[in-house]
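Here is a brief report on one protein model. It covers confidence, a sheet, a helix pair and some backbone details.

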Amino acid sequence: MAALLRRSLAARLYGFLSTNSVSSLHTSTLPLIQETGLYGFPHLKTAKGFQRFVDDAIERSNELVAYVSGMPPAPQIIRAMDEISDTVCSVIDSAELCRHTHPDREFVEEASKASLRINEYLHYLNTNYSLYSALVKAEQDAHLLSEEAQRAAKHLRLDFEKGGIHLSHEKLSRVNQLNMDIVQLCREFNENIVTDPGHVDIFPASRIPSKLHHLVKPIYRNSSGAFTKSMQQSINKEKGFRFVTEPNNLCSILQWASCDEVRKMAYVQGNSVPRANLKVLDNLIAARHEFAQIMGYKSYAEFAVHSNMASSPDVVTSFLLDMGEMVRPKADEEFKAIQNFKREKIGQPFADLEPWDETYFTGLMKSLAFNFDSRVVAAYFPLSQCIEGLKVLAESLFGVTFRNIPLAPGESWHPDVRKICLHHPDEGDIGYLYLDLKSRKSKHPLCAHFAIKGGRRISDSEYQLPIVALVCNFSGSNSAMVTLNHWELETLFHEFGHALHSLLSRTDYQHFSGTRVVLDFAETPSNLFEYYAWDFRVLKTFARHYSSGDVIPKALVDSMRGAKKMFSATELQRQIFYSLIDQKLFGEQPSSLTDTISLVAELKRQSTSWKHVDGTHWHTRFSHLASYGAGYYSYLYAKCFASTIWQKICQEDPLSLEKGSALRMKFLQHGGAKDPASILHDLVGEGVINQRGGGIVPNLTSLSQEMELRK
């Protein structure tokens, strides 16, 4: 889940400010013994401080706008433009982080107000002809600029044009309104997912296994079936359970409930909410399509993909169909194996395989084939040891150590938050990392990397250090011991890959810092670091049983790897299906999309072996449709790139400092300041990418070999 917040939504939608957050505050100079505000910003000592935070950002940006409008030399134009982005995005992304994690409702509300205000100001910036003219001038004076500054001038100018600055006043006004509408619709889509997770009431209580009782609430009904207000059980009251079908809970009940009817009820309900998002999605599709057509594109997908490596929806779709064709034979074999297993297990030789069967029966099959029990695995991953795993990776690969930093009064948003300084013996401090990993009430159920501050060169002797927050939602925050399922460990390593991309990049401009790269390249480091979560040579350095302290056995890791591979084609096919949905919904002729449910159902029948359940609309809780419109395919691009990098660079010795240095120097440190195709070529050589239809697609060879899809 990933994510999903690689960049702030508002910043991604608005012109040259398509970056993560940064700030002009130098954390390394903050006296930790003094009171400060959230994330080290003095303004944010109180919730109302967001108002002043916005005021000061606008005031400083206006000063810089006036300076740029005076047409200074080209290097100063680019530097000032970068500081404008630095200043404004510090508000955008601090507000987003606060909205998703802060337990105080007042802070959340004030952060939301700040986000709306700064978005309004972005309209002014992104439609400012003086800024645009200055960028054109700077680009014409390219001989005065460094190579990175030339790239920045070009990208900034193109981003302005993506915002419609070249349009007539009437069209530009409409584009601005549509952009604001899109931001609001995306926010509404995501908020509906949280506020309407759905629930099912299950009677009798015995139909829910005891291992799930911590996820449910007891309810009672009298003999006629009506619910009683009393929570005291008596002779004429039947006990049941109410189960909230938010995604993590739903996954648990689909995995562990042996009762077919219970799984069906949970699946149908969990995939039929929030219903309000059907209309929100219709409006979002329409708004994005109108926006794209005003901008001169056939579809929003064409607009969104144009500047990426793929360059066009046709290239994306061709890539997805090729991958689908590659994976289909093995996915069909896996489907038949699950179906046969179910029929044998329940003693019905002609029983159909239903969507709510997949998680349950594949879990049983993995357990039988590999003596695999996810609860046994979780015992080796207490959260404290998993954080130790992050330290092992940072030190082994990059020579970087973790130093715990005391949080200043007011800096943290919850007692669970930790602050870490990444330190290199030769370079000194290289960045700061907040960890907010446990679930809690009112915290958005996401796992994401937030760049609070991007790195940038301020002078020859001074570098603004990046600050990021790694946010996850691991359960057990009220218990003494939080342990992670292995898929949660994989998620942690995934997000840490994003964080390292931000922390280790060393670009002159924050516009290119860390994850500020084209969308279909951004997920590559995160996908690469997932491999480390599966390698015994890595796991044995930190994975220890929470009680005995024993190192995780190699045999158990082998079982985990075998279980993962067992249905890998089915999972890859699912990701292709998701990507096709995203492309289709935001592709051409949205006027024909009068029923997104039918479209998704037809795509599922065409691209997978599984049924669509009538009446369900899973896609209304697929948040990536909002945050990654027409860009979800980027995960599959990254999966291919990461597979090649792992096999050619990392697999032989995953904790090699030499290999880690190559990753850092040839890849991570460049952020978006270098062409991604050049980065890949420098790192792994020929064969990692192919040219197609004017765009770039990943080579499928490494992934197909890894998954044994081609013999």
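pLDDT is the predictor's confidence in each residue, on a scale from 0 to 100. The model is predicted. Its mean pLDDT is 90. Of its residues, 92% reach 70 or more. Residues 1–32 have a pLDDT below 50. Beyond near neighbours in sequence, this stretch has 155 contacts in the model. Where pLDDT is low, the predicted coordinates should not be read in detail.

**The sheet**

Three strands form an open sheet. Their order is β1-β3-β2, and the pairing is antiparallel. The edge strands are β1 (199–202) and β2 (216–222). Each of these two pairs on one side only. On average, neighbouring strands of the sheet are turned by 30° against each other, with direction ignored.

Strand β3 covers residues 237–244. It pairs with β1 in the antiparallel sense, over four bridges. Val 200 stands opposite Phe 243 in β3. Strands of a sheet pair through backbone hydrogen bonds, either parallel or antiparallel.

**The α8–α9 pair**

Helix α8 spans residues 247–256, and helix α9 spans residues 260–270. How do the two run relative to each other? Their axes come within 9 Å and cross at roughly 155°. Angles over 145 degrees count as roughly antiparallel. α8 and α9 are therefore roughly antiparallel to each other. Their crossing is left-handed.

Which residues meet in the contact of α8 with α9? From α8 come Leu 250, Ile 253 and Leu 254. From α9 come Val 262, Arg 263, Ala 266, Tyr 267 and Gly 270. The residues of this contact divide into six nonpolar, one polar and one charged.

**Backbone details in loops**

Two cis peptide bonds are listed below.

| Cis peptide bond | Omega | Place of the proline |
|---|---|---|
| Phe 203 and Pro 204 | about -10° | Pro 204: loop between β1 and β2 |
| Val 273 and Pro 274 | about -10° | Pro 274: loop between α9 and α10 (276–294) |

The table ties back to the elements above. Pro 204 is in the loop between β1 and β2, and these are the edge strands of the sheet. Pro 274 is in the loop between α9 and α10, and α9 is the helix whose axis crosses that of α8.

One more backbone feature concerns an alanine. Ala 630 has a phi near 65°, a positive value in a residue other than glycine. Ala 630 is in the loop between α23 (624–627) and α24 (634–650).

Note on methods
Residues numbered from 1 in each chain as written. Predicted model: local features only at pLDDT ≥ 70, side-chain atom pairs only at ≥ 80, totals over all residues. Heavy atoms only, no water. Contact = heavy atoms within 4.5 Å. Pairing = 2+ DSSP bridges. Axes fitted to C-alpha atoms, helices over the stretch in contact; angles between N-to-C directions. Parallel < 35°, antiparallel > 145°, perpendicular 65-115°, else oblique. Left-handed = near helix turned anticlockwise from the far one by under 90°. Nonpolar A, V, L, I, M, F, W, Y, C, P; charged D, E, K, R; others polar.
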